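Colleague: Before we discuss this model, I would like a close look at a single part of it, set against the rest of the chain. Please take the confidence of the prediction first and then go through the local detail with care.

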Amino acid sequence: MDPNIKRKSGDSFCALAWMHTSSEPYGTCRSCCIARDHITREDGKIYSLAEYTVSDIINSTYMKKLRTAMRNGGKPKQCKTCWDDEANGKESKRLIYNKMVEHVNMEIDYDAEVCIPRDLQINIGNVCNLKCRTCSPVCSSKWAVEYRDRGKDIWKPDFDTEFNDFENSVFWHDIDNWSKTVERLEIMGGEPFYSKSFKKLVDALIDNGSSKHISMNLSTNGTIFNSKMMDRMLRNFKRVGINLSIDGIGKHFDYIRHGVPWETVKSNLDSFFHLYMNQLEYKQNKNDGFKLSMSYTITIGNLNIFYLKDIHEFFHKNYIQYTGVQDEFFNRIPFLEIWNNVVHFPSFYSANVLPDEVKGKILRRVTRPQEYGMDAWDRDTYVNDITPILNHAKKGCKNDDWLAFVRETMETDRYRKENFEETFPELFELLKPYWEKAKSEFINEESKIFKLDTIIRNKGTNNDS
């Protein structure tokens, strides 16, 4: 390859295309978890890890075409989420992983057509103890029950073999092969700590010895703290990373996440933090880095952007302020970070789906938190992390997305016996006239109800335009 090609095409290259696949609970795969399309065979059928090896999928014609497009400086359509984030000034997943690859000196041959798996994201199944508002039956077994009760269709691909069919699934039979080369493994769900499949995977990687060269990373909803499992992973994997996904505090968490009370989650957050701060026993020698890394992720949409600073202050005051300091043995526990993600899908839960007429008042609580009794933002945090979110939220709101949000919120409230107005009274006070107008637009109007139900079923309108 021309040595300058990576620099020339730096605005389109993504290291993940050469080393990664991201599976979903049914075994379907994407080039990464936020890619718009599934990886498909030449006949158009979707690949499944239950029927093909990880290597088959990474080296499929679909992935080869994606890599060629990037070499040629193109911006593939399936990577639109990253292009949108970067246009808003946000550090996209593409840029984060490109930086990570350089940081760990991971050599990638961008000329290669035959690639080996080195970084995998595996959704270990949809078994979950929560049913988050922005989720679906694909990733939550609890949502599947609600969907059936509400008469909604559940999408499921037509495969001959189930992903977690331990006797017949290619993924489980091929584990000794793909685990030889994988250096980083990210586990999603469902909820990993609620899943028997996750325990089986951990045991298999420890038993075949590959855990010693694998950094295991988990995204967890914080509802379970399994001290024995954490100890087993820390003693056997090269490193362990825990990302705690929390989208609200107190009754806001209960409403947005639904299924396990906030008091339980807060206790588990304390337990994870205690383990993080007392992990010295897992260092094998003085010069080794810490084995446990941890972070918090807030997924920001129209349900919680009004309260974004409240969530940040909760994490800072309860946990982050105690990190980054030396203990009595001069060990400096690294600062904990907050990752701010935005909802792109379903589109009607996006942070920009708020009436344009009142959006400025809603966002003022984010931009001027000191007016609401909170601390001002750290300047770097505001410029680098919060401004891109605001740029996204300021985009125009499509009326059908707003109507779909109101309708889906009302329908879900009715089923769950919850109340948006009572849970978010300050936000609802600003939204009330627009909320009532939205209701009048679709109540008793069959054609509008049908259209909105179609939008909701498809998880949003077409945002490709």
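What pLDDT does the protein average, and what percentage of the residues score at least 70? With that settled, please turn to Ser 140: in which loop is Ser 140 found, is it buried or exposed, and which residues does it touch?

Modeller: This is a predicted model, in which local features need a pLDDT of at least 70 and side-chain atom pairs count only at pLDDT 80 or more, whereas totals for chains, interfaces and linings use all residues. Residues are numbered from 1 along each chain as its sequence is written, and side-chain values use heavy atoms, with hydrogens and water left out.

The protein averages a pLDDT of 90, and 91% of the residues score at least 70; pLDDT is the predictor's confidence in each residue, from 0 to 100. Over residues 1–9 the pLDDT stays under 50, and for this stretch the model has twelve contacts beyond four places in sequence, a contact being heavy atoms within 4.5 Å.

Ser 140 sits in the loop that runs between strand E3 (119–123) and helix H6 (141–149), where helices (H or I, at least four residues) and strands (E, at least two) are DSSP runs numbered from the N terminus. Ser 140 counts as buried because its relative accessibility is 1%; buried means under 20% relative accessible area, exposed over 50%, and partly exposed in between, with a 1.4 Å probe and protein chains only. Leaving out residues up to four places away in sequence, Ser 140 touches Asn 126, Cys 128, Leu 130, Lys 131 and Cys 135. With one of these, Leu 130, there is also a polar contact, as the side chain of Ser 140 reaches the backbone oxygen of Leu 130 at 2.7 Å. On the other side in sequence, a polar atom of the Ser 140 side chain lies 3.3 Å from the backbone nitrogen of Lys 142. A polar contact here is a pair of N or O atoms within 3.5 Å; within protein, one must be able to donate a hydrogen and the other to accept it, and residues adjacent in sequence count only if both atoms are side-chain atoms.

Another serine offers a useful parallel. Ser 31 has its place in the loop between strand E2 (29–30) and helix H2 (54–58), and it is buried, with a relative accessible area of 7%. Setting aside neighbours within four places in sequence, Ser 31 is in contact with His 20, Ile 39, Met 63, Leu 66 and Gln 78. Met 63 and Leu 66 belong to helix H3 (residues 61–71), where they are buried, as are Tyr 62, Arg 67, Met 70 and Arg 71. Just after H3, Gly 73 takes a positive phi of about 80°.

For the interior of the chain, the largest nonpolar core has 124 residues, among which Leu 185 and Met 233 touch the most other members. The largest share of this core, seven residues, comes from helix H12 (residues 262–277). Such a core is a set of buried Ala, Val, Leu, Ile, Met, Phe, Trp, Tyr and Cys residues joined through side-chain atoms within 4.5 Å. Beyond four places in sequence, the residues touched by Leu 185 include Leu 120, Ile 122, Trp 178, Leu 201 and Met 216.

Several other loops deserve a check of their backbone geometry. The peptide bond from Gly 189 to Gly 190 is cis, with omega near 10°, and Gly 190 lies in the loop between strand E4 (184–188) and helix H9 (196–207). A cis peptide bond also runs from Phe 345 to Pro 346, with omega near 5°, and Pro 346 lies in the loop between E8 and H14. His 258, although not a glycine, has a positive phi of about 55°; it is found in the loop between helix H11 (251–257) and H12, and counts as buried at 18% relative accessibility. Lys 417, likewise a residue other than glycine, has a positive phi near 60°, and its place is in the loop between helix H16 (399–416) and helix H17 (420–423). At 76% relative accessibility, Lys 417 counts as exposed, whereas Ser 140, with which we began, is buried at 1%.
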